[in-house]
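Please open the model in your viewer and keep the sequence panel beside it. The tour goes from the whole chain to one pair of elements.

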Amino acid sequence: MGKITNEELLTSIKAKFEADVTEISEPFGLLTFETSREKVIELLTFLKTDPKLQFIYLSDLTGIHYPEREKPIGVIYHLHSLVNNVRVRIKVFVADSDVHVPTATVLWNGANWMERETYDFFGVIFDGHPDLRRILNVDDMTVFPMRKEFPLEDPNRVDKRDYFFGR
């Protein structure tokens, strides 16, 4: 089977999920769009099981934090259709007061550790995950280090003042 184009892929997705696919773009040729957490598993299932599309490989699942957005916490899925040699990126954004997203482990066992890492660093709770606990940080940590909630440097440090550097 040959390569499927982004236009053909988007047509297939919109035929089934027209109102549920928003913010469509193609940065660097990678078809990217957003959907809701209520529809994400149905959409991922369609992409994986459709005989024409066959996005059987979850190459990455991670989080992102845009503090200026209404829904600042995002989960990003990167899928690869090996037979069509095409990739797609799906984003789901949630409010920081309600960070629940359904688990993708029902589709890919490999999502297990990726979701644990995303929980560990961004605080996203994957509902239905078989073993959601910290994977890299200490268990009693109360913050999520990849969220942009703290200044990058301590403003009170005197050793970083401009006059030390001739500015």
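The stops below start with the overall chain and end at a helix contact.

**Stop 1: the whole chain.** Select everything and show the C-alpha trace. This is a predicted model. Viewed along the principal axes, the C-alpha atoms fill a box of roughly 60 × 40 × 25 Å. Colour by secondary structure next: the chain has three helices and seven strands. Followed along the sequence, these elements give the pattern α-β-β-α-β-β-β-β-α-β.

**Stop 2: surface and interior.** Turn on the surface. The accessible surface of the chain is about 9800 Å², and carbon and sulfur atoms account for 53% of that area. Of the 167 residues, 42% count as buried. Now switch to contacts between residues at least 6 apart in sequence: 52% of them join residues at least 24 apart.

**Stop 3: helices H1 and H2.** Select residues 6–17 for H1 and residues 40–49 for H2. How are the two helices packed? Their axes lie 11 Å apart, at an angle of about 135°. H1 is therefore oblique to H2. The crossing of H1 and H2 is right-handed.

**Stop 4: the contact itself.** Show side chains on both helices. Which residues make the contact?

- From H1: Leu-9, Ser-12, Ile-13, Lys-16 and Phe-17.
- From H2: Glu-42, Leu-43, Phe-46 and Leu-47.

Colour this selection by class. The contact of H1 with H2 comprises six nonpolar residues, one polar residue and two charged residues.

Definitions and conventions: Residues numbered from 1 in each chain as written. Predicted model: local features only at pLDDT ≥ 70, side-chain atom pairs only at ≥ 80, totals over all residues. Heavy atoms only, no water. Axes fitted to C-alpha atoms, helices over the stretch in contact; angles between N-to-C directions. Helix = DSSP H or I, 4+ residues; strand = E, 2+ residues; numbered from the N terminus. Parallel < 35°, antiparallel > 145°, perpendicular 65-115°, else oblique. Left-handed = near helix turned anticlockwise from the far one by under 90°. Contact = heavy atoms within 4.5 Å. Nonpolar A, V, L, I, M, F, W, Y, C, P; charged D, E, K, R; others polar. Buried < 20%, exposed > 50% of the residue type's maximum accessible area, 1.4 Å probe, protein only. Areas by Shrake-Rupley, 256 points an atom, 1.4 Å probe, with all protein chains shown as cover.
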